[in-house]
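User: I'd like to learn how to read a structure like this one. Could you walk me through a few features?

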Amino acid sequence: MSDNPVLIEMRGVTKHYGGVAAVEGVDFTLRKGEIHALLGENGAGKSTLTKLMAGVVQPSAGEILLEGVPASFTSPADAMRRGINMVYQENSLVPSMTVAQNIFLGDERFFNKLRPLYIAAQQFLQSLNFNVDPWASVAGLGVAKKQMVEIARAVRQNARVIVFDEPTASLTPEEKHHFFALVRRLKSDGVSVVFISHALEEALEISDRITILRDGKLVISDDRSKFDRERIVTAMVGRALSKDLYGDETKTRRKPGERMLSVQNLSMGKVVRNTSFTVYAGQVTGMFGLIGSGRTETAKIIAGIAKRNFLHGGETRLGDQSVRYRVPRQAVRDGIVYVTEDRKVEGFFDTMSIAENVGVGHIAAGFNKGQVVRTSEIVAIARGWSERLAIRSINADARVIELSGGNQQKVVIAKSLVQKPRIIIFDEPTRGVDVGAIAEIHQLIERLADDGLAVIVISSYLPEILSLSDRILVCQKGRVVEEFRTEDATEEKIMYAAVH
Amino acid sequence: MKPSSTAFAFTQERIVIAITLALLVVFSLTLNSFLTAGNILALIQNVSILGILGVAMALAIIGRGIDLSIVATMAVSVAWVLQLSNNGVPIDLAILMGLGLALAIGLVNGFLVAYVEIPAIFATLAMGTVAYGFVRSLLLDDNLIYLKGASDTWFKWIGSGQVLGVPNAVLLFGLVALVAHAMLRVTVPGRFLYAMGDNPVAARSTGVPIRPLILLQYVTAAAIAFIAGVIAATSVDSVETRVARSNLVYDIILVVVIGGVGLSGGKGSIRNVIVGTLMIGVLVNGMTIMNVPYTLQNIIKSLILLAAIVVDSIVNPRDEQTSQQGDI
């Protein structure tokens with residue numbers, strides 16, 4: 001790889017936001033036709049570096065060379081004209097339009113005849129070997145297919161560089177395989193690919209070179225063969241902690257306590273079909289399943305969050321009592337809380353401070369006596385939780401939107417824990433969370449189970465499921481199909497149950 | 001990560017305060033009748049109805065709603081009170097019935113938004129027209145109802161009297177604002193209202209009783225509108241129900257938004273409403289003394305609103321950089 005010509009070279013680039021340097025003096029080279037993984041904790045400056053590359057922001061200092069010639073991109077459109085495209089985490093497609101319309105968006109003729117457009121789109125998608133219907137509306141597509149459309153759009157614009165910001169975060173394992181195959185094909189066509197990821201295995205599996213950033217500075221940039229898991233993690237966090245992350249097979253599993261929750265034949269529409277399972281106090285019950293397996297929906301029915309648009313039958317027993325919640329409030333009062341997988345949309349209150357967020361949880365659980373809120377009491381409670389969960393913020397009044405992903409997640413968890421739950425459901429607790437905070441959140445989950453709570457962890461990441469759970473439920477097409485004791489489970493067995 | 005906000009940030013509210021103070025200074029220097037105790041009281045009195053309606057509107061907007069029926073609610077409920085008392089119903093009973101009518105309109109608004117899940121802007125727009133049409137055709141004899149039956153009772157004193165030289169309208173504006181402020185800041189429903197306005201989905205999952213809260217929100221707004229109506233009716237001895245068809249509702253939204261209450265919900269407080277109201281009061285008062293024509297006054301008002309919003313979005317940009325501060 002190292003003999004390929006250099007396409008982009010960044011020399012000592014620095015970008016300040018306000019007074020804070022997001023990246024500082026970073027050197028970065030991207031060769032033609034290489035797959036380059038960009039790793040680092042949240043806030044390490046990965047996104048900023050790629051934004052500099054794609055012309056979204058301009059560097060405060062340093063220079064960017066495109067094929068050896070100094071270049072400054074005034075806008076993303078400018079960078080795109082020179083062949084640098086960025087595919088964002090949040091889709092930049094127009095949901096109400098069809099696939100073909102999206103591919104040609106901004107490039108239509110004045111009299112935009114539809115038929116030739118669809119034929120062209122069809123041919124183009126076939127040439128890329130993408131199985132996407134050009135007539136389908138984007139709103140109805142799955143995440144992976146949306147990504148294919150985005151990539152098709154980038155390729156059609158003759159992209160020489162495609163930057164992916166966390167492309168695999170919302171993909172199922174099989175979709176991930178498709179994605180990797182695609183990236184390899186792009187590479188063989190001479191396109192350079194930069195991708196940001198939190199999953200180290202992916203970087204090791206697919207990339208040619210790996211660059212690691214920490215606190216806005218370059219730590220190391222080298223060929224993949226020079227790296228292993230241990231070295232990457234050490235470089236990312238500046239200390240070795242992989243054992244307390246996912247390793248340690250030898251830990252003892254907790255015995256089930258009393259039966260807290262038993263679900264019998266629960267159904268909702270086509271998403272949850274006749275599922276039955278039991279959850280015990282004092283242990284972590286892992287729930288694994290691919291996208292569409294109904295894990296999240298099942299959890300939302302239990303916590304009363306799912307609206308009853310479809311009739312759903314079945315019974316949920318809390319202890320010995322049959323319960324059926326119409327609104328989450330009733331579940332919260334009964335001690336069942338759900339920590340969402342999508343904290344920005346349904347997790348926290350972004351205009352509020354940490355204390356106000358935790359305060360809403362406290363009040364909503366009915367712990368505030370009377371109708372007058374005692375602010376000082378809530379501030380004290382919130383400070384206690386901030387310390388217990390090690391929530392780091394610049395100042396106590398900082399709004400939650402200003403915190404890093406890991407700290408935002410901790411606020412959402414604190415807001416739920418303040419409600420003194422007996423059953424707590426974590427849905428993808430470490431999605432979009434930096435490595436350091438992942439370890440802390442895992443320790444917290446273990447501690448909650450040790451304290452006697454019934455903990456359910458929903459995750460698509462097998463190492464996480466295997467390291468956290470005391471028993472593992474595998475969901476497939478809306479129901480729990482297998483149950484493992486973690487001692488007996490392997491990644492292969494779980495995956496086999498999830499797809500068959 | 002963003003550096004923590006400095007001690008003095010140029011928020012929209014502060015910009016509006018600065019403009020207001022600048023106007024005060026300019027008018028005091030150039031208009032010799034401006035800076036007198038009488039004129040200042042008159043100034044506040046003139047906008048106090050608008051301010052009270054602004055408080056009601058702010059409650060709806062902070063909870064991520066809006067109440068376009070607020071003027072109709074105010075007009076028809078108080079017109080009915082006058083009509084009843086003119087027909088010989090004792091005034092206290094008439095007030096109770098009128099208040100009941102206002103609360104009923106608010107309840108229907110809340111029901112439509114909370115349970116039928118119609119967007120607030122459509123539900124209240126329709127409800128305003130329905131309420132006006134029904135009450136006007138079924139309960140009222142005329143568009144313009146005079147205060148006759150209760151013109152020499154304590155009722156008349158509400159909008160026309162004064163305490164220690166301060167007009168009641170001003171005092172009531174202060175009282176309503178104070179109570180609403182306290183409610184928003186330190187009561188359970190107040191905290192819930194902010195949470196709901198900020199993120200209704202998260203609020204629901206956290207266990208906030210969303211639907212009862214929306215009912216409360218619109219019922220309270222209607223009750224405050226009724227208070228504003230009573231003050232208005234008793235200060236001019238009549239109610240013109242066709243005010244429901246005027247663009248008063250836009251002026252109300254103007255004073256709410258100009259002070260810095262965010263239309264997207266969860267942002268702002270009653271203080272912002274007071275700031276917005278005072279600014280419009282000073283402006284209108286000064287322009288009236290200068291004999292600026294009414295149409296031109298409207299143009300100036302709207303230009304100032306635009307300016308405040310533009311300046312706010314320049315100093316407090318909401319773009320990709322600031323919205324993704326956690327992810328640099």
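User: Let's start with strand pairing. Which residue stands opposite Thr211(A) in strand 9 of chain A?

Analyst: Keep in mind that this is a predicted model. When two strands pair, you can look for residues facing each other across the gap. Here, Leu38(A) is the one opposite Thr211(A). The strands involved are strand 3 (residues 35-39) and strand 9 of chain A, and they pair in the parallel sense over 4 bridges.

User: And how many bridges join strand 9 of chain A to strand 10 of chain A?

Analyst: There are 6 bridges, and these two strands run antiparallel. One place to look is Arg214(A), whose bridge partner in strand 10 is Lys217(A). Strands 9 and 10 of chain A make a hairpin with 2 residues between them. In that turn, Asp215(A) has a positive phi of about 50°.

User: Is strand 9 of chain A mostly covered or mostly uncovered?

Analyst: Mostly covered. Strand 9 of chain A spans residues 209-214, and 5 of its 6 residues are buried.

User: Now a whole sheet. What is the order of the strands in the open sheet of 4 strands in chain A?

Analyst: To read a sheet, follow the pairing from one strand to its neighbour. In chain A that gives 12-11-14-15, with antiparallel pairing. Strand 12 (272-280) and strand 15 (321-323) of chain A are the edge strands, since each pairs on one side only. From one strand to the next, the twist averages 20°.

User: What packs on that sheet?

Analyst: Helix 10 (residues 295-302) of chain A does, touching strands 11, 12 and 14 of chain A. Its direction makes about 115° with that of strand 11 of chain A. As for strand 11 (residues 259-268) itself, 6 bridges join it to strand 12 of chain A, and Ser262(A) stands opposite Thr278(A) in strand 12.

User: Over to chain B. How do I describe two helices that pack together?

Analyst: You give the angle between their axes and the distance between those axes. Take helix 8 (residues 188-198) and helix 10 (residues 210-236) of chain B: their axes come within 11 Å and cross at roughly 105°. Angles of 65 to 115 degrees count as roughly perpendicular, so helix 8 and helix 10 of chain B are roughly perpendicular to each other.

User: Which residues of helix 8 of chain B meet helix 10 of chain B?

Analyst: Pro189(B), Phe192(B), Leu193(B) and Met196(B) do, and they meet Ile210(B), Leu213(B), Leu216(B) and Gln217(B) in helix 10. By class, that contact has 7 nonpolar residues, 1 polar and no charged ones.

Terms used: Residues numbered from 1 in each chain as written. Chains lettered and ligands numbered in written order. Predicted model: local features only at pLDDT ≥ 70, side-chain atom pairs only at ≥ 80, totals over all residues. Buried ≥ 20, exposed ≤ 12 C-beta atoms within 10 Å, placed from the backbone. Pairing = 2+ DSSP bridges. Axes fitted to C-alpha atoms, helices over the stretch in contact; angles between N-to-C directions. Parallel < 35°, antiparallel > 145°, perpendicular 65-115°, else oblique. Contact = placed C-beta atoms within 7 Å. Nonpolar A, V, L, I, M, F, W, Y, C, P; charged D, E, K, R; others polar.
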